[in-house]
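The following exercises concern a predicted model. Please study the sequence and the structure, attempt each task, and then consult the solution.

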Amino acid sequence: MTAEELWTKSGLDGEYEAWAFGGSPDELAQLVKNGIKTATCSAFCFYELEEEPLPQIGEYSIILDAKEEAVCIIRTTKVYVTAFDQVTKEHAFKEGKGDRSLEYWRRVHEDFFTEELQSAGLDFTVGMKVVCEEFKVVFLK
């Protein structure tokens, strides 16, 4: 099902973004669908470089899998910017991957951000800003 088809089926009104998680989109989309993953984060510098606005509370997103098929619709409930090394164990738990510990979160996100930043000619630092976002599922396919 396409994002547009899922949006129509949901009966929701307004605007939405459709996107897939980086790294392992199928696994992460399934965690969202199952109610385990209720948060995500991204590198703040990419919002600046691409002149994109930060996510906003109340926004809808359609989560896609690796084949760009719509999985579910989420609504953003919280957004904040913090340093990578200031992300809390609560946020790490809400991201839902691995053993859900802060240590696991830091390890996998340092690897992910290092690779992502290198593609833009930037270096990872523990003090880099990240955009933390929390959400809830509002419609399942």
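**Exercise 1: The lining of the largest pocket**

Determine which element gives the most residues to the lining of the largest pocket.

Solution. Helix H5 gives the most, with five residues. H5 spans residues 102-118, and among the other elements that supply at least two lining residues each are strand E2 (39-43) and helix H3 (44-49). The pocket itself has a volume of about 990 Å³. Of its 35 lining residues, Trp19, Thr40, Cys41, Ser42 and Tyr47 are the closest to the centre. Sorted by class, the lining holds 17 nonpolar, eight polar and 10 charged residues.

**Exercise 2: The sheet and its helices**

Establish the order of the strands in the open sheet, and state which strands lie at the edges.

Solution. The five strands follow the order E1-E3-E4-E5-E2, with mixed pairing. E1 and E2 are the edge strands, since each pairs on one side only. From one strand to the next, the twist averages 35°. Within the sheet, E3 and E4 (residues 70-83) run antiparallel and are joined by five bridges. Helix H1 (residues 3-10) packs on the sheet and touches E1, E3, E4 and E5; the direction of H1 makes about 95° with that of E4. Helix H5 lies across E2 and E5, at about 35° to E2.

**Exercise 3: A residue of helix H3**

Decide whether Leu49 counts as buried or exposed.

Solution. Leu49 lies in helix H3. Its relative accessibility is 55%, and exposed means over 50%. Leu49 therefore counts as exposed. The C-alpha atoms of Leu49 and Ala120 are separated by 9.4 Å, although these residues are 71 residues apart along the chain.

Methods
Residues numbered from 1 in each chain as written. Predicted model: local features only at pLDDT ≥ 70, side-chain atom pairs only at ≥ 80, totals over all residues. Heavy atoms only, no water. 1 Å grid on protein atoms, 1.4 Å probe; cavity = no way out; pocket = protein on both sides within 12 Å on 5 of 7 lines; lining within 4 Å. Points joined across faces, edges and corners; volume = space filled by probe spheres on them. Helix = DSSP H or I, 4+ residues; strand = E, 2+ residues; numbered from the N terminus. Nonpolar A, V, L, I, M, F, W, Y, C, P; charged D, E, K, R; others polar. Buried < 20%, exposed > 50% of the residue type's maximum accessible area, 1.4 Å probe, protein only. Pairing = 2+ DSSP bridges. Axes fitted to C-alpha atoms, helices over the stretch in contact; angles between N-to-C directions. Contact = heavy atoms within 4.5 Å.
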